[in-house]
Amino acid sequence: MDLKALPKLELHSHLDCGLSHDAVRRIDPAISREDYDRDFVAPAKCASLADYLSYTLNYRAVLQTERALRIAVADAFAQLAADGVVYAELRFAPLVHLEKGLSADDVVRTVSDETVRQSEATGIDAALILCTLRHFDTADSLRTARLVERHARSGPVVALDIAGDEDAYPLDPHVPAFELVRAAGLGVTVHAGEGGGPESVWEALDKTATRRIGHGVRSIEDAALLARLEREQIHLEICPTCNVQTDAVRTLRQHPVDRLHRSGVRVGISTDTRAVTDVRLTQEYERLRDAFGWTLADFEQINRNALAAAFAAEPVKRRIVGALDQGFAEVSA
């Protein structure tokens with residue numbers, strides 16, 4: 001089975017944590033490969049989610065100009081194309097890219113414009129999710145939510161997310177931002193159940209009415225939560241290698257993704273932070289095949305799960321259905 005040839009959807013990919021060394025060097029030629037491997041790529045096993053998140057600050061430092069943001073988007077699409085991705089949702093936090101004079105609207109316009117250009121050039125359908133961060137206050141989260149609302153009118157922005165250290169910061173200050181975005185008819189997704197336990201998933205479901213959870217792997221610890229996830233068809237955006245890296249899961253073979261999948265919970269597979277984690281989506285598939293014996297049917301199911309949960313417009317979804325039908329039939333044959 002040629003896993004690279006499979007058409008894939010990736011719903012959980014952080015634009016600002018996926019820069020290849022080539023892209024970083026284009027932005028700042030002084031950053032050597034040695035610098036990059038030391039400062040931009042986290043160890044295969046971090047002490048905690050907080051430890052892992054410290055590596056993301058290096059990407060933030062180089063992504064402070066329009067040129068750098070355009071390089072990041074082009075680099076992301078090149079990586080998606082190499083993985084056979086047919087639809088992607090890229091996420092980033094606009095408010096962390098303002099250190100050299102860009103406004104938040106400048107940031108979103110630049111990323112949106114380059115996303116449209118790259119999508120047209122590569123044929124990969126894509127959308128953007130704007131992130132607020134757990135340590136932000138209510139005002140900053142509302143500011144991000146208004147960016148979602150404003151830029152969804154004219155570009156590929158479709159949803160609001162919240163990322164960061166979920167174990168250290170509750171959702172309460174950010175609930176008004178999610179309410180604003182939902183009232184506008186736009187999507188919401190929430191990082192939960194990775195650094196925090198199953199209670200963080202309950203909190204996300206109850207306080208934001210999200211139908212998608214970023215990670216959610218610790219849901220496996222709570223039978224009542226698993227029943228709710230299955231009953232309400234909540235989608236888990238699972239990133240196996242990163243979950244091991246942040247120590248949410250000890251080893252890949254101990255990862256609950258297979259149990260979640262077999263139990264009827266809707267899961268999809270993504271990379272999360274391609275560069276910090278040093279992983280590609282095809283590698284994630286290979287590791288799931290080797291660890292759990294996943295077959296073509298399993299990979300087809302997770303991609304159809306992802307399509308059902310995607311924030312894409314219906315014409316895009318119809319186009320992706322065709323790509324999945326054709327691609328999986330060809331690989332099967």
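In the predicted model, the largest cavity is lined by Ser13, His14, Leu15, Gly18, Ala76, Gln79, Leu80, Leu90 and Arg274. The volume of this cavity is about 70 Å³, and the structure holds one cavity of 30 Å³ or more. Two secondary-structure elements, strand E1 (8-14) and helix H5 (66-82), each contribute at least two residues to the lining. The largest share, three residues, is supplied by H5. Sorted by class, the lining comprises four nonpolar, four polar and one charged residues.

The search for salt bridges over the whole structure returned 30. One of these joins the side chains of Arg38 and Asp35, with an N to O distance of 3.2 Å. Both residues belong to helix H2 (residues 33-39), where they are three residues apart, about one turn of the helix. Arg38 is partly exposed, its relative accessible area being 47%. Asp35 is likewise assigned as partly exposed, with a value of 21%; the lower limit for this class is 20%.

A further salt bridge is formed between the side chains of Glu232 and Arg228, at 3.1 Å from N to O. In this pair the acidic partner, Glu232, has a relative accessible area of 24% and is partly exposed. Arg228, at 12%, is buried, because a value under 20% places a residue in that class.

Asp298 and Arg262 form another salt bridge, in which the closest N and O atoms are 2.8 Å apart. Asp298 is located in helix H15 (residues 296-309) and Arg262 in helix H12 (residues 257-263), so this pair ties together parts of the chain that are 36 residues apart in sequence. The burial of the two partners was also evaluated. Asp298 is buried, with a relative accessible area of 8%, whereas Arg262 is partly exposed at 47%.

Salt bridges also link Glu66, Arg70, Asp113, Glu114 and Arg117 in a network. Two members of this network, Glu66 and Arg70, are touched by Thr110. Leu69 is a further contact of Thr110, when residues up to four places away in sequence are not counted. Thr110 is found in helix H6 and is buried, with a relative accessible area of 5%. Glu120 lies in the same helix, H6, which spans residues 104-122. In contrast to the buried Thr110, Glu120 is exposed, with a relative accessible area of 65%. The C-alpha atom of Glu120 is separated by 20 Å from that of Leu307, a residue 187 positions away along the chain.

Helix H9 covers residues 198-208, and its buried residues are Pro198, Ser200, Val201, Glu203, Ala204, Leu205 and Thr208. Several elements take part in covering these positions. Among them are two helices, H8 (175-183) and H10 (223-231). Strands also contribute to this cover, including E5 (187-188), E6 (190-192) and E7 (212-215). After H9 comes Ala209, which has a positive phi, near 60°.

Cysteine pairing was examined last. The count of disulfides is zero. Cys17 takes part in no disulfide, and the nearest cysteine sulfur to it, belonging to Cys242, is 9.2 Å away; this pair is not assigned because a disulfide requires sulfur atoms within 2.5 Å. Cys17 is buried, with a relative accessibility of 5%. Cys46 is also in no disulfide, and the nearest cysteine sulfur, again that of Cys242, lies at 8.3 Å. Cys46 counts as buried, at 2% relative accessibility.

Notes. Residues numbered from 1 in each chain as written. Predicted model: local features only at pLDDT ≥ 70, side-chain atom pairs only at ≥ 80, totals over all residues. Heavy atoms only, no water. Buried < 20%, exposed > 50% of the residue type's maximum accessible area, 1.4 Å probe, protein only. Helix = DSSP H or I, 4+ residues; strand = E, 2+ residues; numbered from the N terminus. Contact = heavy atoms within 4.5 Å. 1 Å grid on protein atoms, 1.4 Å probe; cavity = no way out; pocket = protein on both sides within 12 Å on 5 of 7 lines; lining within 4 Å. Points joined across faces, edges and corners; volume = space filled by probe spheres on them. Nonpolar A, V, L, I, M, F, W, Y, C, P; charged D, E, K, R; others polar. Salt bridge = Lys/Arg side-chain N within 4 Å of Asp/Glu carboxyl O.
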